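Here are a few exercises to work through with the model open beside you. Try each task before you read its solution.

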Amino acid sequence: MKISVLISVVAIALVSCKSQPTSAPSAIATPQPKVIQEKAIAKVSLVEEKPVSVISKKDNKETDANLGMGLHVADKVRTQGKGRTQIEFDNGVGLRIGGNSTVQIKPNNRLNLTEGEMLTWVKPGLKVPTEISTAYATATIRGTTAYVEIPKDLNKGIRFFSWEGTVVVKLANQSKEIILLTGEEVIVTPNSTTLPVVRRMDLNEWKEISKTSPLLRSFASPLPTQKIIDNLVPGQASLDQSPPAKQPKVEDIQESQGNQETQRIQDNLDSPKDADVKRDDNDRDDDNRDDDDRDDDDK
């Protein structure tokens, strides 16, 4: 009896074990791809006056710019009203933008200015090819300081100006390049088919604008190329080159022209007129004839 009961219990246990589901092997976790955070190539180094904002390429979200904020390729920096800011790149390129301006960082040291004004430089001693693009023309700089201004009315033309060094300007529909030296500028109008005329400032104008330019003088820290600018004159590409021949001031030219005109009038007043000369000649002839008649009478 006991043996039969034991056999029955063992049989039930074996059947129970067979009916239990076998556990599935544990799944192997698949490694997730590593997300590489893109390194910032520039930073906000000065916020002189707000509002200044950064539009991120990631989510197109606009946030207030803060000192030291990192900037990436495709990010935009925008100012409104009197906002002014300075951006510095790791490779030595820097820029300042004034109020109501927008610039986007492009790959390979390219900056796209879509509105407002921007001053761009390369730190002294470095040669970093940098391109400033606009709707109608592009400026290329290396070790130099350039200024670009886009007016609200584009028909007035985009202004390209060299603060120091050589700036190369190329129109969108032209193959020929325009070379600007210190103190020289061109105005590029929309869809222009002819190259604009290069204008060089006179010394007085140069000194005045050097003192009053907001992007040059109104920031707490001086421009890295400020000492170079302060020692150059219009037409001088670098401190290694001799200054160009002294150019006369505008007022001196006007005064000289006025003096020449005054002298010409005075010369005309002083010089005998043709009629007077003829009259004098006739009088002398008459006097000679009278003398001859008196001689005949005496004979």
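**Exercise 1. Work out how far to trust the model, and find a stretch to skip.**

Start with the confidence: the chain averages a pLDDT of 83, and 70% of the residues score at least 70. (pLDDT is the predictor's confidence in each residue, from 0 to 100.) This is a predicted model, where local features need pLDDT of at least 70 and side-chain atom pairs count only at pLDDT 80 or more, while totals for chains, interfaces and linings use all residues. Residues are numbered from 1 along each chain as its sequence is written, and side-chain values use heavy atoms, with hydrogens and water left out.

Now the stretch to skip: over residues 9-15, pLDDT stays under 50, and the model has zero contacts there beyond four places in sequence. (Contact means heavy atoms within 4.5 Å.) Where pLDDT is low, the predicted coordinates should not be read in detail.

**Exercise 2. Find the largest nonpolar core and look around one of its best-connected residues.**

First, the term: a nonpolar core is a set of buried Ala, Val, Leu, Ile, Met, Phe, Trp, Tyr and Cys residues joined through side-chain atoms within 4.5 Å. Buried means under 20% relative accessible area, exposed over 50%, and partly exposed in between, using a 1.4 Å probe and protein chains only.

Next, the core itself: the largest has 36 residues, with Phe160 and Val169 making the most contacts inside it. Its largest share, four residues, comes from strand 9 (residues 110-122). (Helices, H or I with at least four residues, and strands, E with at least two, are DSSP runs numbered from the N terminus.)

Then zoom in on Val169: leaving aside neighbours within four places in sequence, its contacts include Ala137, Phe160, Ile178, Leu180 and Val186.

Finally, there's a second, separate core of 14 residues, with Trp163, Met201, Leu216 and Phe219 among them.

**Exercise 3. Which residues form one aromatic cluster with Trp206?**

Rings of Phe, Tyr and Trp (its six-membered ring) pair if their centres lie within 6.5 Å; planes under 30 degrees apart count as stacked, over 60 as edge-to-face and the rest as tilted.

Take Phe161 and Trp206: they form a tilted pair, 6.5 Å centre to centre with 50° between the planes. That pair links strand 13 (residues 158-164) to helix 2 (residues 203-212), across 45 residues.

Add Trp163: its ring centre is 5.5 Å from that of Trp206 and the planes are at 50°, so this pair is tilted too.

Put together, Phe161 and Trp163 form one cluster with Trp206.
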